[in-house]
Amino acid sequence: MKVLGLISGTSMDGIDAAVADLRLTGDTIELTPLRADAFPYPPHVHADLLAALPPRDCTAAKLCQLDTRVGQAFADAAAQTLAQHPDLELVASLGQTIYHWVEGDRCEGTLQLGQPAWIAEVTGLPTVADIRARDVARGGHGAPLAAILDALWLGGRDDRTWVALNIGGIANITVVTPDTSFLAPSHGPVAYDTGPGNALLDLVARRVGLHQDEDGELAADGTVQRDLLDLLLREPYYARPAPKSTGKELFHVGYLDGTEHRLVEDVMATLVELTAITVADACRKHGADVVVASGGGVRNPTLMRALRRHLEPAELCVSDDFGLPSDAKEGYLTALLGFLTWQGVPANGRLLGSVTPGRGPLRPPPPPEVPVSKLRVVEVPDASG
């Protein structure tokens, strides 16, 4: 079936939309990437989302308005995609995370905006949403859910330890060893947020009127400030054991108070080093042999050079090398999560999410008779818009 996955990450740049053809063949899911697009938020919605983030407060009225406006933006992205793929059968939405509530080593709650009723109303298609909330309710962290895709996709390739790295606003990893099993929770993948990816870099870029330093030029022109780096590395989050998750509730604009007097280029160079060191330390802790990177940070050559340096002797590659476009991996993850729920296949030990009906009655298929244990990406010449 053809599934549309929709997500807006912690960078809040806009909505990633990915269309996948997903098929169950025995114990294997075949995923064919068909199309990936990015839809920017309307400027006023983007501005209001940024203004609602910690350390600022947000009223119930503003949350209601944002939930509606984000839902309408997701619905518009879905409608535009449906016009190109009228044979879509299902939509899955991870929405826009606005707050992730963590106390110590527990995630107590998570809130995603983007009311799915707008998507179902505009497209007429059943829509799977609130996927993270069910994972939190079962005792998980609701993030990173990429572990579900990564375990199916990278598991059983060889006897090496593979680490899937996503560099969005927050960086996260999934560790897949030869013993990792999607079917056995006791042998499931280790997955957690390592710390900031692009979040702090984007905040500093805005000081000089840029949306982000995507090509890494500012950081490349700067010098790592050892005193600042040492101070940032003292953050207690890095020493916490997994599972753990974080977000802009911790790594927000106030986190960089006191750096305003430093050269922007030097702060950027230091933050690139911070991301590279914290990611590499986490990968090294798990004996990574191969690191497969995806997310917006892959487009930053300065960050990728720093990662490669700190990860050695582990091999650093990108998800494109294995058929999944690095810019759209989370969109395809979302499509996969919706497909699993629709097919009655538990992920993380539970059926995740809630289903909002489309124009017709809900008619999901019976659950598969053979347990799902693998995912194969069917490579196509071009899976972009």
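In which strand is Ser-354 found? In this predicted model, the answer is strand β12, which covers residues 354-356. Ser-354 is partly exposed there, with a relative accessible area of 41%. A second residue helps to place Ser-354 in space: Thr-302 is 52 residues away along the chain, and the C-alpha atoms of the two are separated by 40 Å.

The strands come next, beginning with an open sheet. Five strands make up this sheet, and reading across it gives the order β9-β8-β7-β10-β11, with mixed pairing. The edges are taken by β9 and β11 (315-318); each has a single partner strand, so one side of each is left without a neighbour in the sheet. From one strand to the next, the twist averages 25°. A look at one pair shows how the strands are joined. Strand β8 (residues 170-176) and β9 run antiparallel, with six bridges between them. Thr-174 offers a handy example to find in the structure, as its bridge partner in β9 is Ala-191.

Another pair of strands, β3 (residues 28-40) and β13, runs parallel and is joined by four bridges. Here Ile-29 has Leu-375 of β13 as its bridge partner. Leu-375 also belongs to the covered face of β13 (residues 374-377), together with Val-377. The uncovered face of β13 holds Lys-374 and Arg-376.

What of the spaces in the model? Three cavities of 30 Å³ or more are present, and the largest cavity contains about 50 Å³ of space. Its lining is made by Val-102, Gly-104, Asp-105, His-141, Tyr-237, Arg-240, Pro-241, Pro-243, Lys-244 and Ser-245. Sorted by character, the lining of the largest cavity has four nonpolar, three polar and three charged residues.

Turning to the pockets, the second largest pocket has a volume of about 690 Å³. It is lined by 32 residues, and those closest to its centre are Arg-138, Gly-188, Pro-189, Asn-348 and Gly-349. Two elements, α5 (146-154) and β9 (190-196), each give two or more residues to this lining. The most comes from α5, with three residues. Strand β9 therefore appears twice in this account, as an edge of the open sheet and as a contributor to the lining of the second largest pocket. By character, the lining of the second largest pocket divides into 21 nonpolar, nine polar and two charged residues.

Finally, the cysteines deserve a look. A disulfide is a covalent bond between the sulfur atoms of two cysteines. How many disulfides does a search of the whole structure find? The count is zero. Cys-283 is in no disulfide, and the nearest cysteine sulfur to its own, that of Cys-317, lies 11 Å away. Why does Cys-317 not bond to Cys-283? The closest cysteine sulfur to that of Cys-317 is in Cys-283, and the 11 Å between them is too far for a bond, because a disulfide needs the two sulfur atoms within 2.5 Å. Both cysteines can also be described by their surroundings. Cys-283 is buried, with a relative accessible area of 1%. Cys-317 has 7% relative accessibility and so counts as buried, since the cut-off for that word is under 20%.

Note on methods. Residues numbered from 1 in each chain as written. Predicted model: local features only at pLDDT ≥ 70, side-chain atom pairs only at ≥ 80, totals over all residues. Heavy atoms only, no water. 1 Å grid on protein atoms, 1.4 Å probe; cavity = no way out; pocket = protein on both sides within 12 Å on 5 of 7 lines; lining within 4 Å. Points joined across faces, edges and corners; volume = space filled by probe spheres on them. Nonpolar A, V, L, I, M, F, W, Y, C, P; charged D, E, K, R; others polar. Buried < 20%, exposed > 50% of the residue type's maximum accessible area, 1.4 Å probe, protein only. Pairing = 2+ DSSP bridges. Axes fitted to C-alpha atoms, helices over the stretch in contact; angles between N-to-C directions.
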